[in-house]
Amino acid sequence: MGLLIHFLKLILFNNKGYTFFISTSSSIKRKKMKKNLLYVLILVIISVSCVNKKNVETSCNLKNNIDTYVNNVMKLHNIPGLAISVIQNDSIIYQTYKGKSSLEQNRNVDEQTLFRMFSSTKLITSTAVFQLIEKGKISLNDKISKYLNNLPLKWRDIRINNLLSHSSGIPDMIRYKWDLTDDQLMEKLSNDEMDFERGNQFEYNQTNYWLLSQIIENVSGLSFAEFVLKNQFNGAYDDVLFSSNATDDIPKRATRYFYNYKTKEFDKDKNNSGARGFSGNGLNITLDEFVKWNSKLDNNELLNSESKKMLWTLFNYKNKTDKFLHGWGIYPVNNLKSVGFSGGNCVGFRKFLDNNTTIILLSNGYLHPAYDIIIDDIARMTIPELKTKDLTLEEDIMSLVVNKEYEKAELVFKTLISENLETEFYNLKWNINGIGNTLNYNSDFAAFDVYKILLKTFPEWWIPQAGLAETYEKQGDTLGAIAGYKRAIRLNEGNKWNYNDQMNAKIKELENN
């Protein structure tokens, strides 16, 4: 646009500039050609102006549509505050700060707000590991015993890639109190049996990333936090810091809230994982700094293209069913693959690698967690390949369930599933199950309808079947409860969380009454 105006000025006011474009000895020809060229240039300028105006209008419409969506989601899920950025083709196409970072102080979320990243910190940790791999300091297939001393014999064949992919089989440290010393914790973990054979399966585990941080420290000679801040954030300390203690006094940090179903109010988080939680959940960061980090990742400033290719390669689990990368998860949306991770049911980071789109969501509480739902829906609204298809939004189903329009919710859910054949809808189905649990807690018969929506859409999922059994029990239908628990046990083949033991005990209790 600016170049065209410059050419027009040359023609109108600078004869030398004009003769640079047109060389003729005829005064008449020159005037006629000048008139024609002016006409063409004016048409081009008008056309470009219209295109620019249309682009501005489209951008405004997109922002307004996402704003409306986000406002509705915050209200429905009772989210205190959040910050969102959508980066596409190296440009921010949407960014917003909404709600409160502190309810007690009535402080708004803004550009200075630090959010806790919780388990999304593992993205940073895996990047740090690959930075050391890229420098030749460590290797993916190295045994961890090469870098860590005094490990129990049964851990010594564990590789670095097992820690990254949660395939180690090492027992999870969250079963023990956080205030144990490192030596006390290691002694307890060392005495525990392995959870499974190394490399067999994916099982999310905080011990894996605590061990990774120790390897990073032993190899680099720096503390984990120092290594990350130096190599990923240029030593920034004001807008990026490590703290796994929710009670630390950090002035700009958003308060993390848990919804209290009894009081129907928010309670402050008081969890403290200590310094050993840094690599698994300790990053605190502003949205702006996270956007910058993403830009450096995209531009190969953190890792080269080969390292990123390894980072985003599937780990080969022996069970041949689990799918996970090296510290990053896989999240398909309408058959488009994204990679990333979430944290604390509050934070999500996703990269749609084939669509040059990254979505970052930071929040600080909820009635029902909606991090994946929001990211999935914003992807449907912003990625060109998806937004032209008028796709079903996950939040539409949540809204229908909350408003007790169960039959319609079931139909819309089936449509959503038909549009997303590769998606498990982990966040959405757990949210709906949570609504059923809340209704059941309040002795509301509508819990039956909520669980039945899930059973019709996910007939092999044992969780809503167990919820249905609990509802029968609470309503005094002993036979219905016993039958429900038995079906849930059959579906829970792997005895997840040892819950079959609890359900069998419940069956015996009901049969003896």
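This note goes through a predicted model point by point, from the whole chain to single residues.

1. Overall make-up. The chain holds 20 helices and 12 strands, and of its 513 residues 52% are buried. If one takes the contacts between residues at least 6 apart in sequence, 64% of them join residues at least 24 apart, a figure to keep in mind when reading the contact lists below.

2. Cysteines. A disulfide is a covalent bond between the sulfur atoms of two cysteines. A search of the whole structure for such bonds returns zero disulfides. Two cysteines may serve as examples of different surroundings: C60 is partly exposed, because its relative accessible area of 40% falls between the limits of 20% and 50%, whereas C346 has a relative accessible area of 0% and is therefore buried.

3. The largest nonpolar core. This core has 71 residues, and those with the most contacts inside it are I144, I160, F233, F290, W293 and W328. Its largest share, seven residues, is supplied by helix α4, which covers residues 121-134. To see what surrounds one of these core residues, take I160: once its neighbours within four places in sequence are set aside, I160 is in contact with V129, I138, S139, L140, D142, I144, Y147, L212 and I215.

4. A second core. Separate from the largest core there is another one of 66 residues, which includes I79, F413, L416 and A447.

5. A buried glutamate. In which helix does E289 lie? E289 belongs to helix α10, made of residues 287-298. Its relative accessible area is 11%, and because this is under 20%, E289 counts as buried. Not counting residues up to four places away in sequence, E289 touches F233, D239 and V240; of these, F233 was named above among the residues with the most contacts inside the largest core.

6. Helices α18 and α19. Two packed helices are described by the angle between their axes and the distance between the axes. For α18 and α19 (residues 478-491), the axes come within 8 Å and cross at roughly 165°. An angle over 145 degrees is counted as roughly antiparallel, so α18 and α19 are roughly antiparallel to each other. Their crossing is left-handed. On the α18 side the residues that meet α19 are W462, Q465, A466, A469, E470, Y472 and E473, and on the α19 side their partners are G480, A481, G484, Y485, R487, A488 and L491.

7. Helices α18 and α20. Helix α18 (residues 462-474) also pairs with helix α20 (residues 499-512), where the axes come within 13 Å and cross at roughly 25°. Since that angle is under 35 degrees, α18 is roughly parallel to α20. This crossing, too, is left-handed. Here W462, A466, E470 and E473 in α18 meet Y499, M503, K506 and L510 in α20.

8. Strand β10 and F341. F341 sits in strand β10, which covers residues 336-343, and at 10% relative accessibility F341 counts as buried. Although F341 and I330 are 11 residues apart in sequence, their C-alpha atoms are 8.2 Å apart in space. Leaving out residues up to four places away in sequence, F341 touches S119, S120, K122, L123, Y204, F324, G329, Y331, V347, G348 and F349.

9. The loop after F341's strand. G344 lies in the loop between β10 and β11 (347-352) and is partly exposed, with a relative accessible area of 26%. Its C-alpha atom is separated by 9.5 Å from that of S363, a residue 19 places away along the chain. Beyond its neighbours within four places in sequence, G344 is in contact with F118, S119, R256 and Y366, and S119 also appears in the contact list of F341.

10. Two aspartates with a positive phi. Most residues other than glycine have a negative phi, and most peptide bonds are trans. D90, however, has a positive phi of about 70° although it is not a glycine, and phi of D390 is likewise positive, near 50°. Where are these residues found? D90 lies in the loop between β1 (81-88) and β2 (91-102), while D390 is in the loop between α13 (384-387) and α14 (394-402). Relative accessible areas are 65% for D90, which is exposed, and 71% for D390, which is exposed as well.

Conventions: Residues numbered from 1 in each chain as written. Predicted model: local features only at pLDDT ≥ 70, side-chain atom pairs only at ≥ 80, totals over all residues. Heavy atoms only, no water. Disulfide = S-S within 2.5 Å. Buried < 20%, exposed > 50% of the residue type's maximum accessible area, 1.4 Å probe, protein only. Core = buried A, V, L, I, M, F, W, Y, C linked by side-chain atoms within 4.5 Å. Helix = DSSP H or I, 4+ residues; strand = E, 2+ residues; numbered from the N terminus. Contact = heavy atoms within 4.5 Å. Axes fitted to C-alpha atoms, helices over the stretch in contact; angles between N-to-C directions. Parallel < 35°, antiparallel > 145°, perpendicular 65-115°, else oblique. Left-handed = near helix turned anticlockwise from the far one by under 90°.
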